[in-house]
Amino acid sequence: MESNRQTVLQLLKNELEFLDKGGYRHHPRSPWRAPYIFEDSPSCPNSSNPARPHTCEECWIMQFVAPELQAEQIPCRLVDLSGNGVTVDSLYRCGTPAESEEALRTWLQRRIHELESQFRKLSSCHF
């Protein structure tokens with residue numbers, strides 16, 4: 001379990017780095033549209049394959065999708081980024097690209113901080 005959390009922590013950090021380097025500002029394969037959050041990330045199992053051979057259930061981001069929404073067609077768009085119902089999907093509909101990036105950045109930083117705090121607590125218990 002700890003290994004899985006470490007993997008998720010690294011994936012969250014990779015996602016934040018991708019965001020900070022402008023990864024969601026343009027998409028080389030589809031320059032006519034804005035990149036899709038999570039879907040066009042290098043951490044998406046289908047990111048480099050338009051045939052989408054992997055199911056969403058295989059994706060690490062699914063653990064952040066509410067169980068009742070996991071059967072949706074593109075569940076990663078339903079990650080609650082704010083704790084009050086602001087999702088990737090709602091930002092596509094009502095937010096600007098800058099607002100979407102800021103909401104994602106805040107969410108990623110919060111998840112990273114939570115996991116790092118858990119690791120610190122676990123390591124302090126082992127002494």
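This report describes the nonpolar core, the cavity and two residues, F38 and C76, of a predicted model.

## The nonpolar core

The largest nonpolar core is made up of 27 residues. Those with the most contacts inside this core are L12, F38, I61, L104 and W107. Two or more residues come from each of helix 1 (2-20), helix 2 (88-94) and helix 3 (97-125). Helix 1 gives the most, with seven residues.

## Contacts of F38

F38 can be followed through its contacts, leaving aside neighbours within four places in sequence. Its partners are E15, Y24, C44, I61, C76, V79, V88, L104 and W107. Of these partners, I61, L104 and W107 are also listed among the residues with the most contacts inside the core.

## The cavity

The structure has one cavity of 30 Å³ or more. The largest cavity holds about 140 Å³ of space. It is lined by 16 residues, and the closest to its centre are C44, P45, C59, I61 and C76. By type, the lining consists of eleven nonpolar, three polar and two charged residues.

## C76

C76 lies in the loop between helix 1 and helix 2. C76 counts as buried because its relative accessibility is 9%, and the cut-off for buried is under 20%.

Not counting residues up to four places away in sequence, C76 touches I37, F38, E39, I61, V65 and V88. C76 and F38 are 38 residues apart along the chain, yet their C-alpha atoms are separated by 6.7 Å. C76 is also one of the residues closest to the centre of the largest cavity.

Notes
Residues numbered from 1 in each chain as written. Predicted model: local features only at pLDDT ≥ 70, side-chain atom pairs only at ≥ 80, totals over all residues. Heavy atoms only, no water. Core = buried A, V, L, I, M, F, W, Y, C linked by side-chain atoms within 4.5 Å. Buried < 20%, exposed > 50% of the residue type's maximum accessible area, 1.4 Å probe, protein only. Helix = DSSP H or I, 4+ residues; strand = E, 2+ residues; numbered from the N terminus. Contact = heavy atoms within 4.5 Å. 1 Å grid on protein atoms, 1.4 Å probe; cavity = no way out; pocket = protein on both sides within 12 Å on 5 of 7 lines; lining within 4 Å. Points joined across faces, edges and corners; volume = space filled by probe spheres on them. Nonpolar A, V, L, I, M, F, W, Y, C, P; charged D, E, K, R; others polar.
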